[in-house]
Amino acid sequence: LTPAYSVAEPYNQRAGTLGWTFHRARTQFSLIGTVRQVLFSHVVAASGAGTLFEHDYLDEGGDVTISRQLRPTVTIQLRGTANVERFSGLGARTHRETVQLTLSKQFRRMAIWLYAERIQQGGSQGSSTFQSASYADDVVGVSVTYDLFGQRPPGSSVGGAPSLAGFMGGY
């Protein structure tokens, strides 16, 4: 009796990103879209016989951000993201949307962010082997960074705005 095994070869991935940013004075607006397709072709062997399986995974997402510098060291930002994942081998689909509002204050060696974020996720179940959890989450938080070594170049910020949503896979 030969044990069954699976090898994810060959593995093909195609990805593309398209973005546009408008920046004037103290206001910035950006749109970013991404698409990533992954194809797994693998052979499952059991008892000496092989069967070819192909699984297609498609990840599409978008990000819209608008920010305004209220003072030289104070910025407010509104960001929205949407992400859809499709699993053709399972006939399933998931989606995730986030909205985040951030207020940041930068000091000489420290930065503070106050943020509120809404995350929603859902999906469609294509087969009994794929379970998609639907949930909504509200997050409010404070993030603080400190430049311990003082190696920050002049004019740059300390750290970056926090996000639990990530960006298109984390984008």
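Select strands β6 and β7 to begin: a hairpin of three residues joins β6 to β7, where strands are DSSP runs of E with at least two residues, and helices runs of H or I with at least four, numbered from the N terminus. The model is predicted, so local features need pLDDT of at least 70 and side-chain atom pairs count only at pLDDT 80 or more, while totals for chains, interfaces and linings use all residues. Residues are numbered from 1 along each chain as its sequence is written, and side-chain values use heavy atoms, with hydrogens and water left out.

Stay with this hairpin and colour β7, residues 110–124, which runs antiparallel to β6 and is joined to β6 by 14 bridges; two strands pair if DSSP finds at least two bridges between them. To see one of these bridges, pick His95, whose partner in β7 is Gly122.

Next, add strand β5, residues 74–87, which is also antiparallel to β6, residues 92–106, with 14 bridges joining the two. Here, select Ile76 and look across to Leu103, the bridge partner of Ile76 in β6.

Now show the whole protein chain, which has eight strands and zero helices, so that from the N terminus on the elements read β-β-β-β-β-β-β-β.

Finally, switch to a surface view: the protein chain exposes about 11000 Å², 58% of it supplied by carbon and sulfur atoms, with areas from the Shrake-Rupley method and a 1.4 Å probe. Of the 171 residues in the protein chain, 23% are buried, that is, under 20% relative accessible area with a 1.4 Å probe, counting protein chains only.

Methods. Buried means under 20% relative accessible area, exposed over 50%, partly exposed in between (1.4 Å probe, protein chains only).
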